[in-house]
Amino acid sequence: MAHVQHQQASKEVIPLMTPYKMGQFELSHRVVLAPMARFRSYGNVPQPHAAVYYSQRATRGGLLIAEATGVSATAQGYPHTPGIWTQEHVEAWKPIVDAVHRKGAFFFCQIIHVGRVSSTDFQPDGQAPISSTDRQITLDDTQPGKVYSKPRRLKVEEIPGVVDDFRRAARNAIEAGFDGVEIHGAHGYLIEQFMKDSTNDRTDEYGGSVENRCRFAVEVVDAVVREVGAHRVGMRLSPFIKFMECVDSNPVALGDYMVRQLNRHDGFLYCHMVEPRLVYNGMFVVDHGGRQIPHGLLPFRKVFKGTFIAAGAYDREEGNKVVANGYTDLVAYGRLFLANPDLPKRFALGAPLNKYDRSTFYTQDPVIGYIDYPFFEEDRDDSDA
């Protein structure tokens, strides 16, 4: 009976499973793998098991966004996160990207600098992490006992060098074979530390007004676009989210300004935004307001000229709804895609989903909680399971 139900579901017009043209990329469905830190790139070098993990989640015409990948030696703040700033990193990413492409999917590299979300343990020569500010993160509710080091406020003359790190990382990502890059401008990391007024206490041209606070972000976008082309660049933004004591007093104005800055680049590929009223817990968005999603991104969706990706606690039903009513073009899935490597297929069939195991999200095991989640077996009668 379960098999018959799945067959019937597969014949429905399912909005999430309809094709979409994103710039030059012909997508076969709207289900995007969200960028998720997995902490399994030992010594910041991507590993062969990542090729298995990403290719498991690749479908012909699907879009995958890789985990946050550091742009420089100072960009690190978590154990065993991948980098893209050396030739060794580029060469290590190549077979991973190839494995995804062999499945017919498109693969974007999310590039990041964590800024003050770090400690001297992760920094070259034990130096202080860099940031927009010298104010230290005082508390991390997500990881009790974790301590962040007091950051060093970047001097104005140092900022172009950090911008150039993003530019070089984008170039390296394309050399590694990625189809494009996503600039990480969300969730309390360096770019957002400049953007949000709780973490930007500068009095120079990078502080004060929303234009000044976004200056660093805009310079990064401009440099990356010049390097690899607007048609290969997306950006993730989370104006509403409070994470790592990074929050803005006027998130709507901040988001609106940034979206308009992206529009300056003809053909800028996509804007990836996180829903409001969702708490960023550790490295994942958790909805503490119940299953209902607030759908607060419409003002930005209306302004942005390119492809819009919404993220934040979506399930199959909500995803179908927002695609059907034009609220977003694509929907990014994190935890559900982590636990269901064949998530698009399960959505198409209306099949049951694996439950995710939060305790294995951030372990360093190359198999457990990483590549061992089972695929759906169509011929199995779930009543016997």
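I take contact to mean heavy atoms within 4.5 Å of each other, and with that in hand I began these notes at one residue. Val 162, leaving out residues up to four places away in sequence, touches His 113, Ile 130, Leu 154, Leu 190 and Phe 216. I should record early that the model I am reading is a predicted one.

**Entry: Val 162 and its helix**

I found Val 162 in helix H4, and I noted it as buried because its relative accessibility is 5%, where the cut-off for buried is under 20%. I then looked up its distance to Ser 72, which is 90 residues away in sequence, and the two C-alpha atoms turned out to be 8.5 Å apart in space.

Which residues of H4 meet H7? On the H4 side I listed Ile 159, Val 162, Val 163, Phe 166, Arg 167, Ala 170, Arg 171 and Ile 174, and on the H7 side Phe 216, Glu 219, Val 220, Ala 223, Val 224, Glu 227 and Val 228. The two helices pack at an angle of about 35 degrees, their axes being 9 Å apart, and I entered the crossing as right-handed.

**Entry: the whole chain**

I stepped back to the totals, and for secondary structure I wrote down 12 helices and 15 strands. Of the 385 residues in the protein, 61% are buried. Among contacts with a separation of 6 or more, 72% join residues that stand 24 or more positions apart.

**Entry: the nonpolar cores**

I looked up the largest nonpolar core and found that it has 89 residues, with Tyr 54, Ile 111, Phe 216, Val 224, Met 235 and Tyr 333 making the most contacts inside it. Helix H7, residues 215–228, gives this core its largest share, which is 9 residues. Apart from this core lies another, of 16 residues, which includes Ala 34, Phe 108, Tyr 270 and Leu 330.

I followed Ile 111 further and, setting aside neighbours within four places in sequence, listed its contacts as Thr 69, Val 71, Ile 84, Phe 166, Ala 169, Ala 170, Val 181, Glu 182, Ile 183, His 184 and Val 224.

**Entry: helix H3**

Helix H3 runs over residues 87–102, and its 16 residues reach 23 Å from the first C-alpha to the last, close to the 22 Å expected at 1.5 Å a residue. Where does H3 bend? I placed the bend, of about 25 degrees, at Lys 94, and I noted that a proline, Pro 95, follows within four residues.

The buried residues of H3 are His 89, Val 90, Ala 92, Trp 93, Ile 96, Val 97, Ala 99 and Val 100, and they pack against helices H2 and H4 and against strands S4, S5 and S6. After H3 comes Gly 104, whose phi is positive, near 90 degrees.

**Entry: helix H2**

I turned next to H2, which is largely enclosed by the rest of the structure, because 7 of its 9 residues are buried. These are His 49, Ala 50, Ala 51, Tyr 53, Tyr 54, Ser 55 and Gln 56, and what covers them includes S3, S4, H3 and S6.

Ser 55 in this helix has a relative accessible area of 15%, and so I counted it as buried. Without its neighbours within four places in sequence, Ser 55 is in contact with Ala 99, Val 100 and Lys 103.

**Entry: helix H8**

For H8, residues 251–263, I compared the 18 Å that 13 residues should span at 1.5 Å a residue with the 18 Å between its end C-alpha atoms, and the two agree. Its buried residues are Pro 251, Leu 254, Gly 255, Tyr 257, Met 258, Val 259, Gln 261, Leu 262 and Asn 263, which pack against helices H5, H6, H7 and H9 and strands S10 and S11.

**Entry: two loop residues with positive phi**

I went looking for unusual backbone angles, since most residues other than glycine have a negative phi. Glu 245, in the loop between S10 and H8, has a positive phi near 55 degrees, and Ala 313, in the loop between S14 and H10, has a positive phi near 65 degrees.

Are these two residues buried, partly exposed or exposed? Glu 245 counts as partly exposed because its relative accessibility is 27%, whereas Ala 313, at 11%, counts as buried.

Conventions. Residues numbered from 1 in each chain as written. Predicted model: local features only at pLDDT ≥ 70, side-chain atom pairs only at ≥ 80, totals over all residues. Heavy atoms only, no water. Core = buried A, V, L, I, M, F, W, Y, C linked by side-chain atoms within 4.5 Å. Buried < 20%, exposed > 50% of the residue type's maximum accessible area, 1.4 Å probe, protein only. Expected span 1.5 Å × (residues − 1). Bend = angle between axes of the 7 residues up to and from the residue. Axes fitted to C-alpha atoms, helices over the stretch in contact; angles between N-to-C directions. Left-handed = near helix turned anticlockwise from the far one by under 90°.
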